[in-house]
Amino acid sequence: MTIKKKMMFFILGLTVVIYSITIGYTIYSLRDEAIAEAKKLADTYASDKANDIKAKLDEDMAITRAMTLIMQDYVDLPTDQREKMQFQLMKSILEQYPKYEAVWMSWQLEYIDTAWTKEYGRLSINCYWDNGTIKTSQEKKDLNGFVLDGLYYRLLTEKVEVLTEPYEFDSYDLDNGGTLLAVSPTKTLLDDNGTALGVMGIDMSLEEYSKMTTIEGYEHGYAFLASNNGTIVAHKNPEYSNKPLTVLDYYEELDINLMELVQTGGKGSFTIYSEELQDDAYVSIAPIPVGRSNAPWSVGIIVPYSEITGSINTTFWFMIVVALIGLSLLTLVILRISNDIVSSLEKTSALLKDIARGDINMSNKLDVNSKNRLGQMSSSVNTLMDELNKKATFSKLIGEGNLDADFEVSSEDDVLGNSLLEMRNSLKNAKSEEEKRRWTNEGLAKFADILQSDSENLDALCSTIISNLVSYTKVIQGGIFLINDDDPNDKYIQLKGAYAYERKKWIDKRIEMDEGLVAQSMKEQSYIYLKEVPQDYVNITSGLGEAKPNIILIVPLMLNGEVFGAIELVSFKEIPTYQIEFLQKLAENIASTVSSAKINNTTKKLLEQSKIQAEDLQSQEEEMRQNMEELQATQEEMIRKEKEYVSKIEDLERKLGNQKN
């Protein structure tokens, strides 16, 4: 082989091997990491979907629970008064929540009808929509005995709250008289002694959950919702609605018992081939605990592998194009050099043979003792050896995953070096984007667990959120503000939690609704990012003295257009855009939790108000009873005295009659 052919074969061959190893290793690593991150993201989506649906179902269960707590105090009222108050309550619920089809309840006759002495028998009361009008009806049932396998008897004996399995509901409010897929949050009415007085529930349509099957960021991926017994409530394919999970095309191929996983409220994931998607898919299952029921629902996320690896395939072809360009440019360089040195001396030729075999031994560099063409050729060979060694070392470092390795091109015209730098920068940018996505996904998963930990104690939850958020974002300090609307006439913004210098800070701070940057951000429903902090806005004090921060970020807590508060973070360094986007997503999740907590507080207040009204009513009845007893005693005394006066008059008349005679 000629010198030119050897250079072309060996140098290009070595470069192709290095390129192939580097690209192959990088793509393989990125693909595994992308799949792992995509699975984590799918698990996060499943948890988020579960939290969204849980918030909706918990609200419905809370309303049912509140109604039973209010209604159970009516059992001892006179019939007319009880019927009036119970229909008012049921009607107000339908008016306030038009999504409900009907509100119903049953009283045990033995507690409301003194003439009824049997332990069975009930009065069924129904309040429902009929063509835009609220109507009521009632009838007596179970007069000959309990239906032992029915839901009513189960609730009466087990004294629990239950979200029923989906069923087809004949809606009076549909123009065509059709049916809806519905469900009923139900609860037992109990008195103070724990005696079951009856059952109360709501009939509501599941139509809104059919809109929750889409997944942001995936064209063909989707979510599905299943009840506790494995009935599909919502699915991308409407034909699966109200059918068991066994209709899924991959159900029989699963290594796990999906039906058992859903019924026990477990969390799980698996990879399976889906005929529907015509692709391997990742499926993540997350449980949905509903109120205080022991029968959780589940949500599933299914994502095709082709969408998970799509971005990696794009990166792969981009790297292939860059590699081909680099190899093409390297070929041109070798051709030019080989044309200049074909007429060199034997020593130079021998050295070039070594180089062509890939033997780049720096100890064999040529001695440059002349300035003629031979010297120029020797100098060029030495320079070539230096550059090839540097590029090979750099390529090897990249292949080993060291994307921060230093490399300096020999000149502006170093096409191979620039190609290697472009390849290194492309891989580095891809890795940086993956790290940002990983940081965001891990943060969302971390705070999803925190938001589920203690949603009943809002103060403690706010403190936990802000302390973890300050630590996770590595800012100096932070605070979480919520709108306090307990008094409609005195609505203000309250600091619920603050954290600074790795310790919790107890600050009682009140902000008016039109005062300061926090109120401005909440009013505009947009985050505020300041690089120039107003004078005396905030100072940071430490053992080294006092300093003024450079950055303030305020993000409103919003859900469905409603603002519940804001998060304020203070930092000495700028907050990256991807962290701001993460905080906006997290703010919506926090707002969802705050909304649920406020609903629970409102429910408690309604319960307390109902009890106070019942006590006032009993007090008024006792006072009326005493007044009636006093009036009756007075009337009896007057009758007695009247009889005495009549008797005296008759005696007097007899005496006068005797005297006349």
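Which residues are exposed on the other side of H2? The first legend gives the answer. The model shown is predicted.

**View 1. Helix H2, residues 79–96, has a buried side and another side with exposed residues.** The buried residues are Arg-82, Gln-86, Leu-89, Met-90, Ile-93 and Leu-94. They cover an arc of only 135° around the axis, so they lie on the same side of H2. Asp-80, Lys-84 and Gln-96 are exposed on the other side. The length of H2 also fits a helix: at 1.5 Å a residue, its 18 residues should span 26 Å, and the end C-alpha atoms are 26 Å apart, which agrees.

**View 2. Strand E15, residues 492–500, pairs with E14 and with E17.** E15 is mostly covered, with seven of its nine residues buried. Strand E14 spans residues 477–484 and pairs with E15 in the antiparallel sense, over eight bridges. Strand E17 covers residues 510–512 and also runs antiparallel to E15, joined by three bridges. Tyr-492 takes part in both pairings. Its partner in one bridge is Asn-484. In E17, its bridge partner is Glu-512.

**View 3. The largest nonpolar core holds 60 residues.** Met-71, Trp-107 and Trp-297 have the most contacts inside this core. Helix H1, residues 3–71, supplies the largest share, 13 residues.

**View 4. A second nonpolar core is separate from the largest one.** This second core has 35 residues. Among them are Tyr-472, Val-475, Phe-564 and Leu-586.

Note on methods:
Residues are numbered from 1 along each chain as its sequence is written. This is a predicted model: local features need pLDDT of at least 70, side-chain atom pairs count only at pLDDT 80 or more; totals for chains, interfaces and linings use all residues. Side-chain values use heavy atoms; hydrogens and water are left out. Buried means under 20% relative accessible area, exposed over 50%, partly exposed in between (1.4 Å probe, protein chains only). Helices (H or I, at least four residues) and strands (E, at least two) are DSSP runs, numbered from the N terminus. Two strands pair if DSSP finds at least two bridges between them. The expected span of a helix is 1.5 Å times one less than its number of residues. The arc is that of the directions from the helix axis to the C-beta atoms. A nonpolar core is a set of buried Ala, Val, Leu, Ile, Met, Phe, Trp, Tyr and Cys residues joined through side-chain atoms within 4.5 Å.
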